[in-house]
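Biologist: I am new to this structure and would be grateful for a close look at a single part of it. Please choose one strand, describe its surroundings, and then place it within the rest of the model.

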Amino acid sequence: NRPPVNAVSLSLGASLREAIAEIKSKKSLQGVILYSTSPRIFCAGADLKERLFIKEEDVPGMVKTFRLMIQDIYELPMPIICAIDGVAMGGGLELALGTDIRVCSTTAKMALSETKLAIIPGGGGTQRLPRVVGVPKAKELIFTGRDVYGEEAEKIGLVNYCVEQNDEGNAAFVKSLEIATLLQDRGPVALRMAKKAITEGFEAGPIRAGLEVEHEAYMGVIPTSDRIEALMAFREKRKPNFKGE
């Protein structure tokens, strides 16, 4: 968090990179929720006040660092759920696009609005948005920089769910917790291998190449103790105790 608007700054980027490194090391973790505790704000995008004092020659490196940070989120091995209970503009939406499952509330407002500032999305937005909503819709949204609200976001596939906002202003987070709760009973290694198979398989191109990725991922679950534990638990009619091994 970087109240009140969680603008993407150098300090916020450093904090996120530290969190990413810590999360990546937790092998038994079944999932992560990315959310904001700031009322009505997920992330308002770049810190424009900070940008005014950054030298032109330093901008490319800063943008590259932000792009790689989102890629690090995208490449986290476990499922990442994003709860959007408010505004997600520019880099804020790019952060959300780096996650696996997105949930927003009816009060959420999202946009890749960079063309309004005479720039383009630099955190992967030009690449991830077309993969999520399709090329024609992505071109429209990036060219115009217009706002997309919760119900439309669900309709075009930008988010998995749009839920009615509650009095506490955290409906998307509550729904995200429901999804995360379902993951608690799933094998951690299986979740990681499923994510690997889907993500890398899709990016591999032809389906035959993707099937090879799936095979490789399946080989990753066969030697695990969790797989044996699941079979034993089924036979003994009890809940399995997965350890991520």
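**Strand 3 and its surroundings**

Modeller: Strand 3 is covered on both faces, with Ile80, Cys82 and Ile84 buried on one side and Ile81 and Ala83 buried on the other. The model under discussion is a predicted one. Strand 3 spans residues 80–84, and 5 of its 5 residues are buried, so the strand is largely enclosed by the rest of the structure.

The pairing of the strand may be taken next. In general, the strands of a sheet pair through backbone hydrogen bonds, either parallel or antiparallel. Strand 1, residues 32–34, pairs with strand 3 in the parallel sense over 3 bridges; here isoleucine 33 stands opposite isoleucine 81 of strand 3. Strand 3 also pairs with strand 5, again in the parallel sense, over 4 bridges. In strand 5, cysteine 104 is the bridge partner of isoleucine 84.

Strand 5 covers residues 101–105, and because 4 of its 5 residues are buried, it too is largely enclosed by the rest of the structure. It has a further parallel pairing, with strand 8 (residues 161–163), over 3 bridges. In that pairing, valine 103 stands opposite tyrosine 161 of strand 8.

Isoleucine 84 deserves separate attention. Apart from neighbours within four places in sequence, it is in contact with Phe42, Ala96, Val103, Cys104, Ser105, Ala108, Met110 and Ala172. In soluble globular proteins, nonpolar side chains tend to be buried together. The largest nonpolar core of this model has 36 residues, and Ile84 is among those touching the most other members, together with Phe42, Leu95, Met110, Leu129 and Leu158. Strand 3 is one of the elements that give two or more residues to this core; the others are helix 1 (10–24), strand 2, helix 3 (59–74), helix 4 (91–97), helix 5 (125–133) and helix 6 (135–144). A second, separate core of 9 residues includes Ile81, Ile179, Ala180 and Leu183. Ile81 lies on the other side of strand 3 from Ile84.

Strand 2, named above as a contributor to the largest core, belongs to another arrangement of strands. In it, 4 strands form an open sheet in the order 2-4-6-7, with mixed pairing. Strand 2 (41–43) and strand 7 (148–149) stand at the edges, each with a single partner strand, so one side of each has no neighbour in the sheet. Strand 2 pairs with strand 4, residues 87–89, in the parallel sense over 2 bridges, and cysteine 43 stands opposite alanine 88 in strand 4.

Empty space may be considered as well. The whole structure holds 1 cavity of 30 Å³ or more, and about 30 Å³ of space lies in the largest cavity. Its lining consists of Leu93, Ala111, Leu112, Leu129, Leu141, Arg146, Val148 and Leu158, which divide into 7 nonpolar, no polar and 1 charged. Leu129 and Leu158 have already appeared among the residues with the most partners in the largest nonpolar core.

Two exposed residues offer a contrast with the buried strand. Leucine 182 lies in helix 8, residues 171–183, and is exposed, with a relative accessible area of 51%. Its C-alpha atom is separated by 23 Å from that of leucine 95, 87 residues away along the chain. Isoleucine 120, in the loop between strand 6 (109–111) and helix 5, counts as exposed at 59% relative accessibility.

Methods. Residues numbered from 1 in each chain as written. Predicted model: local features only at pLDDT ≥ 70, side-chain atom pairs only at ≥ 80, totals over all residues. Heavy atoms only, no water. Buried < 20%, exposed > 50% of the residue type's maximum accessible area, 1.4 Å probe, protein only. Pairing = 2+ DSSP bridges. 1 Å grid on protein atoms, 1.4 Å probe; cavity = no way out; pocket = protein on both sides within 12 Å on 5 of 7 lines; lining within 4 Å. Points joined across faces, edges and corners; volume = space filled by probe spheres on them. Nonpolar A, V, L, I, M, F, W, Y, C, P; charged D, E, K, R; others polar. Core = buried A, V, L, I, M, F, W, Y, C linked by side-chain atoms within 4.5 Å. Contact = heavy atoms within 4.5 Å.
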